[in-house]
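Here are some notes to read alongside the structure. Keep the 3D view open and turn it as you go through the points.

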Amino acid sequence: MAKRGMLIVLSGPSGVGKGTVRKALFNQPNVDFKYSISMTTRKPREGEVNGKDYFFVSKEQFENHIKNGEVLEYAKYVDNYYGTPLKYVNETLDAGHDVFLEIEVNGAMQVRANCPEAIFVFLTPPDLVVLKNRLIGRGTDDMEVINKRIKKAVLEIKMMRNYDYAVLNDKVENAVNRIQTIISSERLKVNRVMPDYLSSLGDEA
Ligand code: 5GP
């Protein structure tokens, strides 16, 4: 039987650039993760392809999948459902492939509860001073709105404590390098390496 693959979860606050970082990571020549395509009830955006970017389904179909226990996690985000099909993840991990999820924070916490062995990576925006100055500089919001946004950002950033790794997204290529470093060291963890050593000894182990 193949050694079960690793489940890697990339998550973080809204607007931090998860999708951009994930796409850049998958464009790296030596990356061999299987991307779990999510289901969503939101309408496809221009250029999005069903079965490639998402599985676009109706609200009724989505709720049936939930009822039948066919999603690993799901969340409602801006009035639409988003969720991870369970069967694909299980079958792909069982076949020995590493599976990569890019999901928002509430869904990530459900995966944490159900799959504690997964690797949780939190993508963080550059610091709050930069964010605040950017909002002030834009000149479109008054100070009350700016302070509200900063408060929300602080709350979202505090979610970081539920993750294994924090990756700063100051530049996409830096974030990609940091994620690759994490994965490389995860592969060297004793509990991942040791079973191979022992099984190579056969009956003597
Ligand atoms: P968008 O509509 O911009 O494609 O995605 C909105 C948000 O939903 C993003 O933060 C994205 O990471 C998240 N998302 C995409 N797929 C899933 C999923 O399967 N589960 C959860 N919980 N969030 C998802």
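1. One term first: a residue is called buried when its relative accessible area is under 20%, exposed when it is over 50%, and partly exposed in between. Please also keep in mind that this is a predicted model.

2. Let's begin with the whole chain. The chain holds 8 helices and 9 strands, and its C-alpha atoms fill a box of roughly 70 × 40 × 30 Å along the principal axes. Of the 205 residues, 37% are buried. The area that the chain exposes is about 12,400 Å², with 53% of it supplied by carbon and sulfur atoms.

3. How far apart in sequence are the residues that meet? Taking contacts between residues at least 6 apart in sequence, 66% join residues at least 24 apart. As for charge, there are 29 positive and 27 negative side chains, and the centres of these two sets lie 6 Å apart.

4. Now find helix α7, residues 172-187. From first C-alpha to last, its 16 residues reach 23 Å, close to the 22 Å expected at 1.5 Å a residue. Which residues of α7 are buried? They are Ala175, Val176, Ile179, Gln180, Ile182, Ile183 and Glu186. Looking down the axis of α7, you will find these buried residues within an arc of 155°, so they line one face of the helix. Glu173 and Thr181, on the other side of α7, are exposed.

5. What covers the buried residues of α7? The cover includes two helices, α1 (18-26) and α8 (190-200). It also includes the strands β1 (7-11), β8 (119-124) and β9 (165-168).

6. Helix α6, residues 143-158, is a good second example. It has 16 residues and reaches 22 Å between its first and last C-alpha atoms, close to the expected 22 Å. Its buried residues are Ile146, Ile150, Ala153 and Ile157. They cover an arc of only 60° around the axis, which puts them on the same side of α6. A general rule helps here: an α-helix has 3.6 residues a turn, so residues three or four places apart point the same way.

7. Turn α6 around and you meet Glu144, Lys148, Lys151 and Leu155, which are exposed on the other side. The buried residues of α6 have cover that includes β8 and α5 (128-138).

8. Next, look at the loop between β5 (71-77) and β6 (80-85), where valine 78 is found. Valine 78 has a positive phi of about 45° although it is not a glycine. Aspartate 79 lies in the loop between β5 and β6 too, and has a positive phi of about 70°, again without being a glycine. Are these two residues buried or exposed? Valine 78 has 65% relative accessibility, so it counts as exposed. Aspartate 79 is exposed as well, with a relative accessible area of 73%.

9. Finally, visit valine 193 in helix α8. With a relative accessible area of 27%, valine 193 is partly exposed. Leaving aside residues up to four places away in sequence, valine 193 touches Arg187 and Leu188. Valine 99 is 94 residues from valine 193 in sequence, and their C-alpha atoms are 18 Å apart in space.

Note on methods. Residues are numbered from 1 along each chain as its sequence is written. This is a predicted model: local features need pLDDT of at least 70, side-chain atom pairs count only at pLDDT 80 or more; totals for chains, interfaces and linings use all residues. Side-chain values use heavy atoms; hydrogens and water are left out. Helices (H or I, at least four residues) and strands (E, at least two) are DSSP runs, numbered from the N terminus. The expected span of a helix is 1.5 Å times one less than its number of residues. Buried means under 20% relative accessible area, exposed over 50%, partly exposed in between (1.4 Å probe, protein chains only). The arc is that of the directions from the helix axis to the C-beta atoms. Contact means heavy atoms within 4.5 Å. Accessible areas come from the Shrake-Rupley method with a 1.4 Å probe; for residues, only the protein chains shown count as cover. Lys and Arg count as positive and Asp and Glu as negative; His and the chain ends are not counted. The place of a charge is taken as NZ of Lys, CZ of Arg, CG of Asp or CD of Glu.
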